Amino acid sequence: MARVTLQTIADQVGVSRMTVSNAFSRPDQLSPTLRDKILAVASELGYVGPDPAARALARGTTGAVGVLLTESLRYAFNDEVATTFLGAIAEELAPTGLALTLLTAAAREDVVPARDVAMDGAMVYSCDPASTAVDWLIRRRIPLVFIDQVPADGIPCVNVADRPGARAAAQHLVDLGHRRVAFVTSGVRGAHGLLPAGSVIPGAAVDEDAVVIDGYVAQQRILGWLDALTPAGITPPVVRLAHGQPEDGYDGAKVLLAQDPRPTAILCFSDAIAQGVVQAAHDLGLRVPEDLSVVGFDDSPLAARMRPGLTTVRQDVLAKGRAAAAALTRAIAEARAGTEPTAEQILVPADLIVRESTAPPG
């Protein structure tokens, strides 16, 4: 069967090849009647439209934007916060016609997604700042937006007010009377497991015995917790989990609850980690909140489903996703127009939500 082209349809309808092309790519240039006739003939001949690759080459655009995630894309589908965030991005992008491409930060032999995948722009979402994938995107000079990352000059950034939110969570425990408070956090590089008391340093280490916490969000949340605990004279023990493995919260909690004296409250990096902490407490015969108070972060749907309901810090994930998508589409438009980029720094609020998982120490 002969290949159907734009010229085939033009000959059938009795119009020029450009008129047929306009029916697909510039419909405002034709009358509705003529466009409908062209599309009807195209359908009869089995023609679905111009080749997307050829169209992208002609326009100098791909019609796609990337979202750079962690080493594994599994996180994007297993974590309720990540799926909500990506859904908000997709919804915001829908009217623009831009497609969403998920990129792993990992490289496989000669394939480096951040270097090789064609895209008009990209979002960097909660990635290891030392990742070579981030460096590749910057070197490509495509429009970028950072989300849950250290702000960078000249790049729009969308972050959550993690530090104030975490401070409110820790202060809530202090106000309840807790003095034995522990952390369960996560990170990519460096030490994992139970860390020496007082050794956790968010950001750059000041001495050789310090444990550096990488990842902007983890840094900000620990700083917020310490903002409230340090003035109260509390030096918390810390368990640090591998990034992207919230199920390890169960094992982390068992390590902390084996301490003597054991903590009366645990602050968790996320609601998913907090779920594991609560389960570990129950399996050890401890009651939440009578014997152990637990606080999460995110206010994901999981927080309200848990029993008891989880005290947590709410971040507006939908607003974060929409803001990130809007910032990227604006950056792409500015790049095409050759205008000065708007490197706006957006901060999404974080608010303490008190539920039944916290109470005064027993």
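## Aromatic pairs

F183 and W225 are both buried. In this predicted model, their rings make a tilted aromatic pair, with 4.6 Å from centre to centre and 45° between the planes. F183 sits in strand β6 (residues 181-187) and W225 in helix α10 (residues 216-229), so the pair ties together parts of the chain that are 42 residues apart in sequence.

That pair has company: searching the whole structure turns up three aromatic pairs. Another one is F24 with Y47, where the ring centres are 5.5 Å apart and the planes stand at 75°, so this pair counts as edge-to-face. Here F24 belongs to helix α2 (residues 17-25), while Y47 is in the loop between α3 (32-44) and α4 (52-59), 23 residues apart. F24 and Y47 are buried too.

## Charges over rings

Two arginines are parked over aromatic faces. R139 lies over the face of W136, at 4.2 Å from the ring centre. R221 does likewise with F297, at 3.7 Å from the ring centre. R221 also has a part in the charge pairing: salt bridges with shared partners join R221, D162 and D298 into one network.

## Salt bridges

Side chains of opposite charge can pair when their charged atoms come close. In this chain the salt-bridge count comes to 14. One of them brings R305 and E80 together at 3.2 Å, N to O. R305 is in helix α13 (residues 301-305) and E80 in helix α6 (residues 80-93), so this contact ties together parts 225 residues apart in sequence. E80 is partly exposed, at a relative accessible area of 29%.

Helix α6 turns up again with E91, whose partner R322 is in helix α14 (residues 317-337), 231 residues apart. Their salt bridge is 3.8 Å, N to O, and R322 is partly exposed at 36% relative accessible area. Helix α14 supplies R330 as well, linked to E344 in the loop between α14 and β14 (345-348), 14 residues apart. That salt bridge comes in at 3.3 Å, N to O. Both ends are partly exposed: R330 has a relative accessible area of 29%, and E344 has 37%.

## Nonpolar cores

What sits at the heart of the largest nonpolar core, in terms of touching the most other members? Of its 46 residues, the ones that do so are F85, M123, Y125, I147, L229 and L267. Helix α14 makes the biggest contribution to this core, with seven residues.

L229 is worth a closer look. Leaving aside residues up to four places away in sequence, L229 touches A170, V174, V181, F183, I234, P236 and L267. F183 in that list is the residue that forms the tilted pair with W225. There is also a second, separate core of 26 residues, with V217, V239, L292 and M306 among them.

## The chain as a whole

How many helices and strands does the chain have? The secondary structure comes to 14 helices and 15 strands. Of the 362 residues, 49% count as buried. The accessible surface is about 17000 Å², and carbon and sulfur atoms own 53% of that.

As for contacts, take those with a separation of 6 or more: 71% of them are between residues 24 or more positions apart. The salt bridge from R305 in α13 to E80 in α6, 225 residues apart, fits that description.

Note on methods:
Residues are numbered from 1 along each chain as its sequence is written. This is a predicted model: local features need pLDDT of at least 70, side-chain atom pairs count only at pLDDT 80 or more; totals for chains, interfaces and linings use all residues. Side-chain values use heavy atoms; hydrogens and water are left out. A salt bridge is a side-chain nitrogen of Lys or Arg within 4 Å of a carboxyl oxygen of Asp or Glu. Helices (H or I, at least four residues) and strands (E, at least two) are DSSP runs, numbered from the N terminus. Buried means under 20% relative accessible area, exposed over 50%, partly exposed in between (1.4 Å probe, protein chains only). Contact means heavy atoms within 4.5 Å. Accessible areas come from the Shrake-Rupley method with a 1.4 Å probe; for residues, only the protein chains shown count as cover. A nonpolar core is a set of buried Ala, Val, Leu, Ile, Met, Phe, Trp, Tyr and Cys residues joined through side-chain atoms within 4.5 Å. Rings of Phe, Tyr and Trp (its six-membered ring) pair if their centres lie within 6.5 Å; planes under 30 degrees apart count as stacked, over 60 as edge-to-face and the rest as tilted. A charge sits over a ring if NZ of Lys or CZ of Arg is within 6 Å of the ring centre and within 35 degrees of the ring normal.
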